[in-house]
Amino acid sequence: MIRDSYTTYCAVVFTISKEENAHLKEVYRPTDGLVKNLESVKSSPGYGLVQMHAGEKIHFENLKAIGGGVTFRLETGAGGLHAGIHDITAKNIYCENGSSAVLMGPHTAQNGMVSINGVTVKSCSWAVTMGPGFIEERNKGDERFKTGSFADGSTVKNIHAIFGTNAAVSLKGLENVPELYLKMLRIDE
């Protein structure tokens, strides 16, 4: 178990490592892995347990976050042209009193297949959130950059959401909270 104190960044991050020797031009990414039975408490509402920027052929199982953040964050924002996740599977993702169990944000990465089965949240802002891909302003006009996406056929299924009033809500997310519940919000300092 990871006992956090609302620190910045996720507890576990998967990203690229580029060989510094310029003539090799190799990019390394986590490959062929199994990650299971991870739990965190009191993660930052803006971050969480696991974040993937890059990786290939990795299975995640029994991930759990309580008290803040996102349990399984597939937001491929770091790594530039080399970012991206491919052949990622996950099972049994849980979040309680947090932001979301799963977040998918492709940014500018061309991601492969993602298959998630079994998402449960209790008293969270969202069960699953997905954002659109884009091209950063500084890279517009550079034909190497394309709008980010996940492969056709990617799935998130068997989603269960249990209502509660102790979710981690960001300031920008306040507009999504029904007025009836605004007075119940807790503010973490």
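I take helices (H or I, at least four residues) and strands (E, at least two) as DSSP runs, numbered from the N terminus. The model is predicted, and local features need pLDDT of at least 70, side-chain atom pairs count only at pLDDT 80 or more, while totals for chains, interfaces and linings use all residues. Residues are numbered from 1 along each chain as its sequence is written, and side-chain values use heavy atoms, with hydrogens and water left out.

I looked up alanine 11 and found it in the loop that runs between strand 1 (2-3) and strand 2 (12-14). Its relative accessibility is 40%, so I enter alanine 11 as partly exposed (buried is under 20% relative accessible area, exposed over 50%, partly exposed in between; 1.4 Å probe, protein chains only). Beyond its neighbours within four places in sequence, alanine 11 is in contact (heavy atoms within 4.5 Å) with Ile2, Gly48 and Leu49. From alanine 11 to valine 50 I read 6.2 Å, C-alpha to C-alpha, across 39 residues in sequence.

I then turned to the largest nonpolar core (buried Ala, Val, Leu, Ile, Met, Phe, Trp, Tyr and Cys residues joined through side-chain atoms within 4.5 Å), which has 26 residues, with Met52, Phe60, Phe72, Leu74, Ile93 and Ile116 making the most contacts inside it. Strand 9 gives the most to this core, with five residues. Leaving aside neighbours within four places in sequence, phenylalanine 60 is in contact with residues including Val50, Met52 and Phe72.

Lastly, I checked strand 1 and strand 5 (residues 31-41), which pair in the parallel sense over two bridges (pairing needs at least two DSSP bridges between two strands), and I noted arginine 3 opposite valine 41 in strand 5.
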